[in-house]
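The exercises below are meant to be worked through with the sequence and the model side by side. Try each task before reading its solution.

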Amino acid sequence: MREHADCTPVWFMRQAGRYMSEYQELRRRYSLLEICRTPELATEVTFQPIRRFDLDAAIIFADILLPLEGLGVPFDFKKGEGPVIQKPIRTVRQIDQLRLFEPEEELAFVLQALRMVRAELAAPIALIGFAGGPFTLASYMIEGGSSRDYRLTKTLMYEHETAWHGLLEKLAAVTSRFLLAQAAAGADALQLFDSWAGALSPDDYRRYVLPHSQRILRDLHSRNLPLIHFGTGTAGILELLKEAGGTVIGVDWRIDLGEAWRRLGSDVAVQGNLDPAALLGPRDRLLEKVDYVLDQVQGRPGHVFNLGHGILPPTPIANVEAVIEHVHRRTAEGRAAASGVVGERGRG
């Protein structure tokens, strides 16, 4: 990472999904879990944005909750509600009963989809694998779904600290194995989505989560792959995210990218950080906001352009195309001018 490239690479979280008509057509015939659990369908959805846009990476189509069933925590997706955990984890006894498993058995469908995408994906497009971070997975398991205040999660965390660490140790072990298996199946980079870690104070993150994320990311370093560590609302814990690990730190839109990079230091790359809602606005204002992100980078190597979270369902296709083209063109022209070389754009 942090090598000079002809232009800034671009990919988007949730770049395959509900804003695309191709995906909507599939979803009329299959549930989300059916797509995730059928390698041929997951492969097709992974390729949909790659066929339509000039993206620099594909991310395997899956869901961060898929490992929960192997742990013994069944779930489903309900229309209008999102994920629903059938039997939320609320007691020490339930935590003790969670079982570890081998991803090659319980999550073989994800690994097969990765192998299928890798076989078809043209160079130099990278393939990204991913998994949910320990706090985020624990929150879903305990709350029973999404939450605004993580009341039940934090109550268990504070009242039963030993059991909490036991839960996160199990999640870290499963997540580490799963990501290592994804690397073996052909992933070129891995992202740890601890999306809700920003709900914690710095002291709570340090005490209750950091050691477990650190274990996951430390286990992955032997693969010598880019490791992206991402969360939302993390402006207050950026330095702790770096301490936990990752060669790339994902930054959301709640902090200027330049300020985030200054705090993180020049020894890591950064990913981000356009507000996904900007893609819903008028084109001129959207590109102004893209330019603001690029201006924060000041031409330094090691920036991956992305959103601060996933693409929103109403996003116009034309706006996605405009952002990709603008980032590639502006950064390619800037680097060509700086080097005195004019040529075709290459991928970062």
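**Exercise 1.** Does Asp267 count as buried, partly exposed or exposed, and at what relative accessibility?

*Solution.* The model is a predicted one, and the class follows from comparing a computed value with two cut-offs. Buried means under 20% relative accessible area and exposed means over 50%, with partly exposed in between. Asp267 has a relative accessibility of 47%, and therefore counts as partly exposed.

**Exercise 2.** Find the salt-bridge partner of Asp267 and say where in the chain each of the two residues lies.

*Solution.* Begin with the side chain of Asp267, which meets that of Lys242 in a salt bridge with an N to O distance of 2.7 Å. Next, place the two residues: Asp267 is in the loop between helix 14 (257-264) and strand 8 (269-274), whereas Lys242 belongs to helix 13 (residues 238-244), so that the pair, 25 residues apart, links distant parts of the chain. Finally, consider the cover of the partner: Lys242 has a relative accessible area of 25% and is partly exposed.

**Exercise 3.** Describe how Arg215 and Asp219 are placed relative to each other, and how they interact.

*Solution.* Both residues lie in helix 12 (residues 210-220), and because they are four residues apart there, about one helical turn separates them. Their side chains form a salt bridge, in which the closest N and O atoms are 3.7 Å apart. As to accessibility, Arg215 is partly exposed at 31%, and Asp219 is partly exposed at 26%.

**Exercise 4.** For the salt bridge between Arg51 and Glu44, give the N to O distance and state the exposure class of Arg51 and of Glu44.

*Solution.* The distance from N to O is 2.9 Å. Arg51, at 53% relative accessibility, counts as exposed, while Glu44, with a relative accessible area of 29%, is partly exposed. Counted by the 4 Å rule, the salt bridges come to 18.

**Exercise 5.** Analyse the pairing of strand 2 with strand 3 and the turn between them.

*Solution.* Strand 2 (residues 75-78) and strand 3 (residues 82-85) run antiparallel and are joined by four bridges. Within this pairing, Lys78 stands opposite Gly82 of strand 3. The two strands form a hairpin with three residues between them, and in the turn Gly80 has a positive phi of about 85°. Lys79 contributes to a positive surface patch together with Arg14, Arg18 and Arg27; of these, Arg18 is located in the segment before helix 1 (21-27) and counts as exposed at 56% relative accessibility.

Conventions. Residues are numbered from 1 along each chain as its sequence is written. This is a predicted model: local features need pLDDT of at least 70, side-chain atom pairs count only at pLDDT 80 or more; totals for chains, interfaces and linings use all residues. Side-chain values use heavy atoms; hydrogens and water are left out. Patches are made of residues with over 30% relative accessible area and no salt bridge: like charges are joined within 9 Å, nonpolar side chains (Val, Leu, Ile, Met, Phe, Trp, Tyr) within 5 Å. Accessible areas come from the Shrake-Rupley method with a 1.4 Å probe; for residues, only the protein chains shown count as cover. Lys and Arg count as positive and Asp and Glu as negative; His and the chain ends are not counted. The place of a charge is taken as NZ of Lys, CZ of Arg, CG of Asp or CD of Glu. Buried means under 20% relative accessible area, exposed over 50%, partly exposed in between (1.4 Å probe, protein chains only). Two strands pair if DSSP finds at least two bridges between them.
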